[in-house]
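Please open the structure in a viewer and keep the selection tool at hand. The tour below proceeds from the whole assembly to single residues.

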Protein chains: 2
Amino acid sequence: MKSIILAGGSGSRLWPLSRDMFPKQLLKFDEDESLLQKTFKRLTAFSEPSEIVTITNVLHYPNIKLQLNSIDKSNIVIGEPMGKNTAPAIAAALEYFLQNKVSDDIVLIVPSDHLINDIDKFNKTVEAGIALAQQGYIVTFGIKPAYPETGYGYIKTSEPLLGGYKVEKFVEKPDIDTAKKYFESGDYYWNGGIFMGKISVFMEEFKKYANSIYSNLSKLDFSSSTQINYGVYECMESISIDYAVMEKSDKVALVKLQSDWNDLGSWQSIYNVKDKDENGNVITGKVVTDNVKNSLIYSQKEIVAVSGLENVIIVETEDAIMACKMDESQGVKKLYEKLKANASDTTKLHKTVFRPWGYYTCMNSGEGYLTKTICVLPHQKLSVQSHNHRSEHWVVLEGTALVLLDGEKYTVNTGDSIDIPLKSKHSLQNPYDTELKIIEVQKGDYISEDDIIRYEDCYGRV
Amino acid sequence: MKSIILAGGSGSRLWPLSRDMFPKQLLKFDEDESLLQKTFKRLTAFSEPSEIVTITNVLHYPNIKLQLNSIDKSNIVIGEPMGKNTAPAIAAALEYFLQNKVSDDIVLIVPSDHLINDIDKFNKTVEAGIALAQQGYIVTFGIKPAYPETGYGYIKTSEPLLGGYKVEKFVEKPDIDTAKKYFESGDYYWNGGIFMGKISVFMEEFKKYANSIYSNLSKLDFSSSTQINYGVYECMESISIDYAVMEKSDKVALVKLQSDWNDLGSWQSIYNVKDKDENGNVITGKVVTDNVKNSLIYSQKEIVAVSGLENVIIVETEDAIMACKMDESQGVKKLYEKLKANASDTTKLHKTVFRPWGYYTCMNSGEGYLTKTICVLPHQKLSVQSHNHRSEHWVVLEGTALVLLDGEKYTVNTGDSIDIPLKSKHSLQNPYDTELKIIEVQKGDYISEDDIIRYEDCYGRV
């Protein structure tokens, strides 16, 4: 079986933990693995790592690749030049399989950012789906509603079918009265965005119902790169798989998802899935409370001290603090939009930015200078580069640095330092087995990430 | 007239803005002047700067001196070796005047951390007090209660006396029912801790009612230093002026304080004295709100985004965030005590620490290293010092540094750097007219402020 992970997604609803450049699927929520990594591992029960295709905006490509490589380097990540909703993304990933001469296998398509803990029951659901998919059905996984939610689309089922149900129709997000009716009827399921079916069946339905997408697929060329061509993708309609195919196709069946499921679409849903202490609180990090109840308090770095509050969410990150009412945690999106309108960097990036070679954290900046801590992972190196507007000054805090500077090699030990003059060709490298940590002081008339000329890069960024 | 400013005070109730090492009187609340500086300036209407004696714990001496010197360098600050409540502090300050051959002048004694805006009306109250003081009364300034507060002591007046009243008795903090009776009676005033009287009268009453303090005063020696002798001060009873003298003396009169007054004893009282926006909010710093009402949101450094909350206080500082309910802001003290019990540095120090020569901010620390930004004010210098356990590495960000290193002088310009080896004798100096900013990277097996040997120091810290 083949698998497709849809890893588009933006960073607004779980701000400030998620960011434009670090969306929900990359978050680890203080566990060892991100939602993306958990999703990938879940699929390895059915697909080889090299048969799992993750599709994401090219902006997220480095971080997605970094996380998946830590599990298995044979993973495939396709980069979208722009966001185009789920239908073009799925179609492009299917086309990738076809161009790689995959026989008419079944493909399982899942979002990258949902939480499913009960793997056994998930696997059983997939097996139930396989039976239907082999009969030529497109199978959607329906989630039995736990309450009358107005924020999800619903799927109405009719008669039973091979361990599942025939699908009568897809319906939009209902108002609360309609949601209550759906909830009571028992025939309605939440649409969790998980689908499976034969590649050939999906393609037939695309051809029939979404030809503006289908007709462009052959122009995509995955023979030398997994990056989607901008011009081709731009021509495709931006539309969800639900609208484009599911609502129109008469081949759709539903199996009931037997496992737990949570889309973690708000801070409140994070609170809901976490273990609570005796006061009903979910506490993470350096937090002190007094008389606090039924709240989520998350500290990433500094001390958060809370007294006398109930039903609140407080999230502290290195450069932004968010506080809101528990049952209005959708309001976070509005805060995010206000900040974005003010061009606040806190909507885009974290202070700590991950790169293929490691990560850096901006510590401090002022008139004409910026300081960073930089961590280079073992056996990694930064590109050979130069800057037209700044000199750099490096002090090694941990490990040993190999520095290439204008053709010479220097070894810089812990506690030592080196100056990188303006316009000099340089590369920071860590050929050793332990992490290299340095402090970088940038000085210049223009300090920006875009003041960089790359000459050589082992991660293909030249 | 002479003046005494009582500047003991701890940092618990306005944490995290106040700290043990940076108590309320030093805070500026986003105005140009701290409460201490405002208090000092208020007194200059009656006393020469050299006749205003500020008494504080020796730990706060450098910061108090720094703030007062910015107004007038002839100020006098007496350092207490330990906190001993108000009676010994006042007695010691009176003794200072006597040892400096002050004739039997009137002395005005005020707390350093109360807010009074209407200077004219304050001055009129002082003038009313002078008339009574000249008649041999100890005058206390009574604050007309605005509501039945249970957190203050009260003073009961009897018949009118020379523009004021005779005092019948001092009473302790009442319960709410008693507070309501006091409030309705009209004879009761809040005790604001402001007193005036002739030095000789105060001394007579100390002798009569607090002889354990009085009898030790002659052992104090202010001829060469304003630091109080540890052994002498240790023998004095730790007791408030109210208990020691005011409640016992039959020479106490009261004048009604005509100006505004606020002791800023809680975050709620800060909220109360500040201008509100159209939603009843007091907003300071980088704050974004949506549907927030009647709240105080204070950001010192990072973005604070708040949605859907009412009647809350949220205070962000560089290393601690505090959130509490508006009308339970006394609960902050409990958070502070919990943190102190955990030996959290956030109760003691700010990340930015003020020194006579400027200030430094700890940016980042890890295994065996610490980074700081250091600002040396124009024409200031750090002591000549050495460290047994760390080397230092300085990069100049702004201005020019004059560095003394093992007997040699080096000029280090913006963008340049210098290494300070382990155990080398060094001094960082700024003989120029603009601020000097550097980044310091400390490396060593033991990184602590107490790893310092001082050889020369222009601020008397050797």
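The stops that follow indicate what to select and what is found there.

**Stop 1: the whole model**

Begin with everything displayed, bearing in mind that this is a predicted model. The predictor assigns the complex an ipTM of 0.84 and a pTM of 0.85. If chain A is coloured by pLDDT, its average is 92, and 100% of its residues score at least 70.

**Stop 2: the two chains and their axis**

Next, colour chain A and chain B separately. Two copies of a chain are related by a rotation about an axis and a shift along it. Here, a turn of 179° with a shift of 0.0 Å along the axis lays chain B on chain A with an RMSD of 0.1 Å. That is the relation of a two-fold axis. To find where the axis passes, select Met363(B): among the residues of chain B, its C-alpha comes closest to the rotation axis, at 3.4 Å.

**Stop 3: the contact between the chains**

Now select the residues at which the chains touch. Chain B contributes 47 residues to the contact, and chain A contributes 47 residues. On the side of chain B that touches chain A, strand β15 (residues 320–325) of chain B gives the most, with six residues. The residues of that side of chain B comprise 22 nonpolar, 14 polar and 11 charged. Because 100% of the interface residues of chain B are also interface residues in chain A, the copies meet through the same surface.

**Stop 4: a strand pair across the contact**

Keep β15(B) selected and add strand β13 (residues 303–307) of chain A. These two strands pair in the parallel sense over five bridges. Which residue of β15(B) is the bridge partner of Ser307(A)? Selecting Cys324(B) shows that partner.

**Stop 5: a sheet in chain B**

Hide chain A and turn to an open sheet of six strands in chain B, with antiparallel pairing and the order β16-β17-β18-β26-β21-β24. Strands β16 (352–355) and β24 (417–420) of chain B stand at the edges; each has a single partner strand, so one side of each is left without a neighbour in the sheet. From one strand to the next, the twist averages 20°.

Within this sheet, select strand β17 (residues 358–366) and strand β18 (residues 369–376) of chain B, which run antiparallel and are joined by eight bridges. One place to look is Ser365(B), whose bridge partner in β18(B) is Leu370(B).

**Stop 6: a cis peptide bond in each chain**

Bring chain A back and select Trp15(A) and Pro16(A). The peptide bond from Trp15(A) to Pro16(A) is cis, with omega near 5°. Pro16(A) is placed in the loop between β1 (2–6) and α1 (35–43) of chain A. In chain B, the peptide bond from Trp15(B) to Pro16(B) is cis, with omega near 5°, and Pro16(B) lies in the loop between β1 (2–6) and α1 (35–43) of chain B.

**Stop 7: two residues with positive phi**

Select Asn294(A) in the loop between β11 (287–290) and β12 (296–299) of chain A. Its phi is near 50°, a positive value in a residue other than glycine. Asn294(A) has 15 other C-beta atoms within 10 Å and is therefore partly exposed.

Finally, select His379(B), in the loop between β18 and β19 (380–381) of chain B. His379(B) is not a glycine, yet has a positive phi of about 65°. Is His379(B) buried or exposed? With 11 other C-beta atoms within 10 Å, His379(B) is exposed.

Notes:
Residues are numbered from 1 along each chain as its sequence is written. Chains are lettered from A and ligands numbered from 1 in the order in which they are written. This is a predicted model: local features need pLDDT of at least 70, side-chain atom pairs count only at pLDDT 80 or more; totals for chains, interfaces and linings use all residues. Two residues are in contact if their C-beta atoms, placed from the backbone, lie within 7 Å. Helices (H or I, at least four residues) and strands (E, at least two) are DSSP runs, numbered from the N terminus. Ala, Val, Leu, Ile, Met, Phe, Trp, Tyr, Cys and Pro count as nonpolar, Asp, Glu, Lys and Arg as charged, and the others, Gly among them, as polar. Two strands pair if DSSP finds at least two bridges between them. Axes are lines fitted to C-alpha atoms, for helices over the stretch in contact, and angles run from 0 to 180 degrees between N-to-C directions. pLDDT is the predictor's confidence in each residue, from 0 to 100. Copies are superposed by least squares on the C-alpha atoms of residues with pLDDT of at least 70 in both. A residue is buried if 20 or more other C-beta atoms lie within 10 Å of its own, exposed if 12 or fewer, and partly exposed in between; C-beta atoms are placed from the backbone.
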